[in-house]
Amino acid sequence: MPPLISNSTISTQSSSGNSIFKRFKRNVYPTVDLPYENNNYTLIDDYFMGMALQQAQYAWDKGEVPIGAIIVRECINDSNDDSIQSTNTSSTTSRRTFQILSAAHNKVETNIDASSHAELLALRNGAQNLGNWRYPPNSRLYTTLEPCPMCLASIQAFRIDNIIYGAPDNRLGAIKTHMNLISVAKHPYHEVKSVIGGVREEECGDIIVRFFRERRELKKKEKKKMMDVVVKGEDRRRDLLKLPLEKRIKRSSRFISFVKKVLRRE
């Protein structure tokens with residue numbers, strides 16, 4: 001896995017104040033401080049996409065297609081959170097504070113559920129923690145692969161404002177690559193404010209390519225093992241046919257008696 005951006009310029013800060021959300025706790029929503037760059041999200045997007053890549057690696061370790069997602073929210077004008085507000089107003093020109101609302105990775109095989117995509121699981125987990133299916137303003141969803149139509153519809157239904165993805169999906173990409181659902185049909189309840197693609201695209205695409213390459217190699221090895229077993233069985237059969245009839249009968253009778261003993265035990 002490629003490392004995240006160096007943490008030399010990044011600090012993690014806890015927030016002890018109360019949030020506008022009922023279940024807003026430090027252990028559920030850790031805060032991350034990132035350098036302020038005049039509304040330039042390049043460094044910020046790279047950092048959080050790195051966290052999504054870590055989630056993708058977790059999926060690979062479980063034998064799942066390596067796709068990861070993370071949902072964050074920038075703390076802007078949180079009047080009910082004195083801790084965050086004071087830190088933001090004191091040094092708005094030096095840093096920006098983000099809260100990590102949810103993180104998840106692909107679990108289609110684990111859950112035996114075709115809808116267990118990384119984005120959808122992250123949306124569900126975050127909503128459960130928030131106690132509200134409507135995500136707060138300034139929420140940003142990061143995913144290593146361009147969302148499919150199902151995930152895009154869910155992102156809009158959960159009221160996510162910003163979508164950032166890594167590699168394009170030539171087969172199911174619903175934002176730009178395969179189809180462009182956002183521009184084709186306007187959502188009746190929620191409009192996505194911004195969509196950014198290609199963030200750490202090479203890394204996000206490479207991890208999927210390497211995963212499927214490894215899977216193909218494993219399948220080839222398994223197929224070769226099966227062929228070896230078949231060949232050995234044929235060789236043994238030929239060797240048995242070369243023996244005299246009496247020896248063939250003895251070996252066959254031994255095998256039959258062995259099978260009978262096994263059946264009696266069961």
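**Strands 5 and 6 and their surroundings**

Strand 6 is largely enclosed by the rest of the structure, because 6 of its 6 residues are buried. The model is a predicted one. Strand 6 spans residues 162-167. The protein chain as a whole contains 8 helices and 7 strands. Of its 266 residues, 40% count as buried. Among contacts in the chain with a separation of 6 or more, 68% join residues 24 or more positions apart.

Strand 6 has pairing partners in strand 5 and strand 7. With strand 5, strand 6 pairs in the parallel sense, over 5 bridges. Two of the residue pairs can be named. Arg140 has Asn162 as its bridge partner in strand 6. Leu145 stands opposite Ala167. With strand 7 (residues 194-196), strand 6 also runs parallel, joined by 3 bridges. Here Asn162 is partnered by Ser194. Asn162 therefore has a bridge partner in strand 5, Arg140, and another in strand 7, Ser194.

Strand 5 covers residues 139-145, and 7 of its 7 residues are buried, so strand 5 is also largely enclosed by the rest of the structure. Strand 3 (residues 68-74) is antiparallel to strand 5, and 5 bridges join the two. Within this pairing, Ile70 stands opposite Tyr142 of strand 5. Strand 5 thus pairs in the antiparallel sense with strand 3 and in the parallel sense with strand 6.Thr143 is found in strand 5. The relative accessibility of Thr143 is 0%, so Thr143 counts as buried. Leaving out residues up to four places away in sequence, Thr143 touches Met49, Ile67, Gly68, Ala69, Glu119, Ile164, Tyr165 and Gly166.

The connection from strand 5 to strand 6 runs through helix 5. Strand 5, helix 5 (residues 149-157) and strand 6 form a right-handed β-α-β unit. In helix 5, the buried residues are Cys151, Leu152, Ser154, Ile155 and Gln156. Their cover includes helix 4, strand 5, strand 6 and helix 6 (181-184). In an α-helix there are 3.6 residues a turn, so residues three or four places apart point the same way.

Positive phi values occur in the loops on either side of this unit's first strand and helix. Asn138 is found in the loop between helix 4 and strand 5. The phi of Asn138 is near 70°, a positive value in a residue other than glycine. At 26% relative accessibility, Asn138 counts as partly exposed. Arg159 follows helix 5, also with a positive phi near 70°. Arg159 lies in the loop between helix 5 and strand 6. Its relative accessibility is 18%, under the 20% limit, so Arg159 counts as buried.

Ile175 is found beyond strand 6, in the loop between strand 6 and helix 6. At 6% relative accessibility, Ile175 counts as buried. The C-alpha atoms of Ile175 and Tyr165 are separated by 9.8 Å, and the two residues are 10 apart along the chain. Apart from neighbours within four places in sequence, Ile175 is in contact with Glu146, Pro147, Leu152, Ile163, Tyr165, Asn180, Ile182 and Val195. One of these contacts, Leu152, is among the buried residues of helix 5. Tyr165 is in contact with Ile175 and is also touched by Thr143.

The largest pocket has a volume of about 670 Å³. Its lining comprises 26 residues. Val65, Ile67, Leu145, Asp169 and Phe212 lie nearest the centre of the pocket. Helix 3 (108-111), helix 4 (118-130) and helix 7 (201-242) are the elements that give two or more residues to the lining. The largest share, 6 residues, comes from helix 7. By class, the lining has 13 nonpolar, 5 polar and 8 charged residues. Two residues nearest the pocket centre, Ile67 and Leu145, recur in the description of strand 5. Ile67 is touched by Thr143, and Leu145 stands opposite Ala167 in strand 6.

Technical notes: Residues numbered from 1 in each chain as written. Predicted model: local features only at pLDDT ≥ 70, side-chain atom pairs only at ≥ 80, totals over all residues. Heavy atoms only, no water. 1 Å grid on protein atoms, 1.4 Å probe; cavity = no way out; pocket = protein on both sides within 12 Å on 5 of 7 lines; lining within 4 Å. Points joined across faces, edges and corners; volume = space filled by probe spheres on them. Helix = DSSP H or I, 4+ residues; strand = E, 2+ residues; numbered from the N terminus. Nonpolar A, V, L, I, M, F, W, Y, C, P; charged D, E, K, R; others polar. Buried < 20%, exposed > 50% of the residue type's maximum accessible area, 1.4 Å probe, protein only. Pairing = 2+ DSSP bridges. Right-handed = clockwise from strand over helix to strand, strands pointing away. Contact = heavy atoms within 4.5 Å.
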